[in-house]
Amino acid sequence: MAAPFSSPTTPPPLRSIFQPNPNPPKALLSLPGSFHRGPHRAKVCYNSIGATSVSLWSSSANYSSLRNGSTKLSGKPVAVKRLLQNRRGVVRNATIEEIEAEKSLIEDDAKGRMEKTIDTMRANFNSVRTGRANPSMLDKIEVEYYGTPVSLKSIAQISTPDASSLLVQPYDKSSLKAIEKAIVSSDLGLTPNNDGEVIRMSIPQLTSERRKELSKMVAKLAEEGKVALRNIRRDALKAYEKLEKEKKLSEDNVKDLSSDLQKLTDEYMKKLENIFKQKEKELLKV
């Protein structure tokens, strides 16, 4: 009787790998194709040329991994590559409410930033002095108050007794010298008169040459404001395009939203132009 593990005396005839195996080997491990609590085993399938594929997790004791068409047992849990690829393809679609919320957020942000730009430009224009007294002329002046720079209007009351003078009354009289120093250091060209209680300033009439210089300054400020508005529009458009790439908006949606955004930008451009024209008129008026 031959030994149970002895090799045959003559090798079996060679079979082409392209011929189906008449006696395919049985699956080493098998389970129904669904996950459940408790140990899991891998389902090993054989194709016509004898290659194997693993479609589920291996048992909890010994996990199966797929390498070069063969299975290998190991003591560490590994995910089957094909299963991971399928899982990666599952993406939750955004709801209509979420998309509308994102659109509203972009619109509100653009409008809010444009409104702040107009407020900033209005303040910048008001700080440019004309031949007429205006408390806002001192808006940009900062005073060194107890070692900290603060705005003049936060530590003093500013008024206009008449059309050609300004009156500064500090809440703390000890700050008078610091206020006087800050006004002299500014580019307003004003001469403060400190009487120990308040500071008075006369607004001199602007020369023709000075009016032209200030007019150019205001025009430059207006152009900076327009650039800021265009940049806000650009940022909003990029946000819409991002939603389109994420398949949350269609190309037609983006076109409609871009059109609405352009109308909003034109509206604020017009506001800025009106403020600029008004300031220019004040400067050139003798």
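**Close-up views of helix packing and strand pairing in a predicted model**

**Figure 1. Span of helix α4 in the predicted model.** Helix α4 comprises 38 residues, 208-245, which at 1.5 Å a residue should span 56 Å; the C-alpha atoms at its two ends lie 56 Å apart, so the expected and computed spans agree. Just after α4, K247 adopts a positive phi of about 65°.

**Figure 2. Packing of helix α2 against helix α5.** Helix α2 (residues 96-126) packs with helix α5 (residues 251-284) at an angle of about 10°, and their axes are 10 Å apart. The two helices are therefore roughly parallel to each other. On the α2 side, the contact is formed by K103, E107, A110, K111, M114, E115, I118, M121, R122, F125 and N126. These residues meet L257, L261, L264, T265, Y268, K271, L272, I275, F276 and K279 of α5. By class, the residues of this contact comprise twelve nonpolar, two polar and seven charged.

**Figure 3. Packing of helix α4 against helix α5.** The axes of α4 and α5 cross at roughly 170° and come within 10 Å. This angle makes α4 roughly antiparallel to α5. The contact between α4 and α5 contains 17 nonpolar, five polar and ten charged residues.

**Figure 4. Surroundings of K226 in helix α4.** K226 is located in helix α4. Its side chain is joined to that of E273 by a polar contact of 3.1 Å. When neighbours within four places in sequence are left aside, K226 is in contact with M269, L272 and E273. Of these, L272 also belongs to the residues of α5 that meet α2.

**Figure 5. Packing of helix α2 against helix α4.** Helices α2 and α4 pack at an angle of about 175°, with a separation of 10 Å between their axes. The angle makes α2 roughly antiparallel to α4. Counted by class, 15 nonpolar, three polar and six charged residues make up the contact of α2 with α4.

**Figure 6. The hairpin of strands β5 and β6.** Strand β5 (residues 142-145) pairs with strand β6 (residues 148-151) in the antiparallel sense, over four bridges. Y145 has T148 of β6 as its bridge partner, and E144 stands opposite P149 of the same strand, β6. Two residues lie between the strands of this hairpin, where Y146 takes a positive phi near 50°.

**Figure 7. The open sheet of β7, β8, β10 and β9.** Four strands form this open sheet in the order β7-β8-β10-β9, with antiparallel pairing. Strands β7 (156-162) and β9 (193-194) stand at the edges; each has a single partner strand, so one side of each is left without a neighbour in the sheet. At one edge, β7 is joined to β8 by five bridges, and the two strands run antiparallel. Q157 has Q169 of β8 as its bridge partner, and a hairpin connects β7 to β8 through two residues. At the other edge, two bridges join β9 to strand β10 (residues 199-202), and this pair likewise runs antiparallel. Here N194 stands opposite I199 of β10.

**Figure 8. Helix α3 on the four-stranded sheet.** Helix α3 (residues 176-185) lies across β7, β8 (165-170), β9 and β10. Relative to β10, α3 runs at about 20°.

How values were computed: Residues are numbered from 1 along each chain as its sequence is written. This is a predicted model: local features need pLDDT of at least 70, side-chain atom pairs count only at pLDDT 80 or more; totals for chains, interfaces and linings use all residues. Side-chain values use heavy atoms; hydrogens and water are left out. Axes are lines fitted to C-alpha atoms, for helices over the stretch in contact, and angles run from 0 to 180 degrees between N-to-C directions. Angles under 35 degrees count as roughly parallel, over 145 as roughly antiparallel, 65 to 115 as roughly perpendicular and the rest as oblique. Contact means heavy atoms within 4.5 Å. Ala, Val, Leu, Ile, Met, Phe, Trp, Tyr, Cys and Pro count as nonpolar, Asp, Glu, Lys and Arg as charged, and the others, Gly among them, as polar. The expected span of a helix is 1.5 Å times one less than its number of residues. A polar contact is a pair of N or O atoms within 3.5 Å; within protein, one must be able to donate a hydrogen and the other to accept it, and residues adjacent in sequence count only if both atoms are side-chain atoms. Two strands pair if DSSP finds at least two bridges between them.
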